[in-house]
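Trainee: I would like a close look at a single part of this model. Which residues make up the largest nonpolar core?

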Amino acid sequence: MMYRNQCTPRENLLNRINEVSFAVNDILLYLDTHPKCKEGLAFYQECDKERQKLMKEYAQCYGPLTVDDALESDGDTWKWAEQPFPWEVEGGCR
């Protein structure tokens with residue numbers, strides 16, 4: 001049995017992607033009402049860059065999470081449908 005504080009590297013990366021994705025979504029909501037905020041825009045750009053880096057890293061290690069990162073997982077083949085979905089592996093469906 002795995003305890004919450006003993007996450008795998010894959011889980012740690014997914015958790016970090018979730019954190020940064022939340023920050024991206026949250027700052028976008030803020031920018032909807034404060035479109036001229038330079039600090040908000042700079043924070044968005046920083047978070048978006050970090051999210052793209054993490055998504056690319058995940059795709060290269062474990063397969064793409066979105067179609068946007070499908071080509072990052074393997075150069076010249078389409079593997080989107082070949083990888084197991086997280087619930088198939090972690091949920092014991094296979």
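Mentor: A contact means that heavy atoms lie within 4.5 Å. Among contacts in the chain between residues at least 6 apart in sequence, 35% join residues at least 24 apart.

The model is predicted, so local features need a pLDDT of at least 70, side-chain atom pairs count only at pLDDT 80 or more, and totals for chains, interfaces and linings use all residues. Residues are numbered from 1 along each chain as its sequence is written, and side-chain values use heavy atoms, with hydrogens and water left out. The chain averages a pLDDT (the predictor's confidence in each residue, from 0 to 100) of 82, and 71% of the residues score at least 70.

The chain has three helices and zero strands; these are DSSP runs, H or I of at least four residues for a helix and E of at least two for a strand, numbered from the N terminus. The pattern along the sequence is α-α-α. Among these elements, helix H1 (residues 9-33) has the highest mean pLDDT, 96, and helix H3 (residues 86-90) the lowest, 67.

Now the core. Nine residues make up the largest nonpolar core: Leu13, Ile17, Val20, Ala23, Val24, Cys47, Leu54, Met55 and Tyr58. A nonpolar core is a set of buried Ala, Val, Leu, Ile, Met, Phe, Trp, Tyr and Cys residues joined through side-chain atoms within 4.5 Å. Buried means under 20% relative accessible area, exposed over 50%, and partly exposed in between, with a 1.4 Å probe and protein chains only. H1 and H2 are the elements that give two or more residues to this core, and the largest share, five residues, comes from H1. In soluble globular proteins, nonpolar side chains tend to be buried together. Over the whole chain, buried residues make up 22% of the 94 residues.

Take the H1 side. The buried residues of H1 are Leu13, Ile17, Val20, Ser21, Ala23, Val24, Ile27 and Leu31, and what covers them includes H2. Ile17 shows this in detail: leaving aside residues up to four places away in sequence, Ile17 touches Leu54, Met55, Tyr58 and Leu65. An α-helix has 3.6 residues a turn, so residues three or four places apart point the same way. The length of H1 also fits a helix: at 1.5 Å a residue, its 25 residues should span 36 Å, and the end C-alpha atoms are 37 Å apart, which agrees. The expected span is 1.5 Å times one less than the number of residues.

On the other side is helix H2 (residues 38-62). Its buried residues are Gly40, Cys47, Leu54, Met55, Tyr58 and Ala59, and their cover includes H1. H2 has 25 residues and an expected span of 36 Å, and its end C-alpha atoms are 36 Å apart, which agrees. Just after H2, Gly63 takes a positive phi of about 105°.

Tyr58 of the core also takes part in the one aromatic pair of the structure. Tyr58 and Tyr62 form this pair, which is tilted, with 5.0 Å centre to centre and 45° between the planes. Rings of Phe, Tyr and Trp (its six-membered ring) pair if their centres lie within 6.5 Å; planes under 30 degrees apart count as stacked, over 60 as edge-to-face and the rest as tilted. The two tyrosines are four residues apart in H2, so about one helical turn separates Tyr58 from Tyr62. Tyr58 counts as buried at 2% relative accessibility, whereas Tyr62 is partly exposed at 31%.

Last, the charged residues on the two helices. The structure holds two salt bridges, each a side-chain nitrogen of Lys or Arg within 4 Å of a carboxyl oxygen of Asp or Glu. In H1, Arg16 and Glu19 lie three residues apart, about one turn of the helix, and their side chains meet at 3.3 Å, N to O. Arg16 is partly exposed at 36%, and Glu19 counts as partly exposed at 48%. In H2, Lys53 and Glu50 are likewise three residues apart, about one turn, and their side chains meet at 4.0 Å, N to O. Lys53 is partly exposed at 46%, and Glu50 is partly exposed at 24%.
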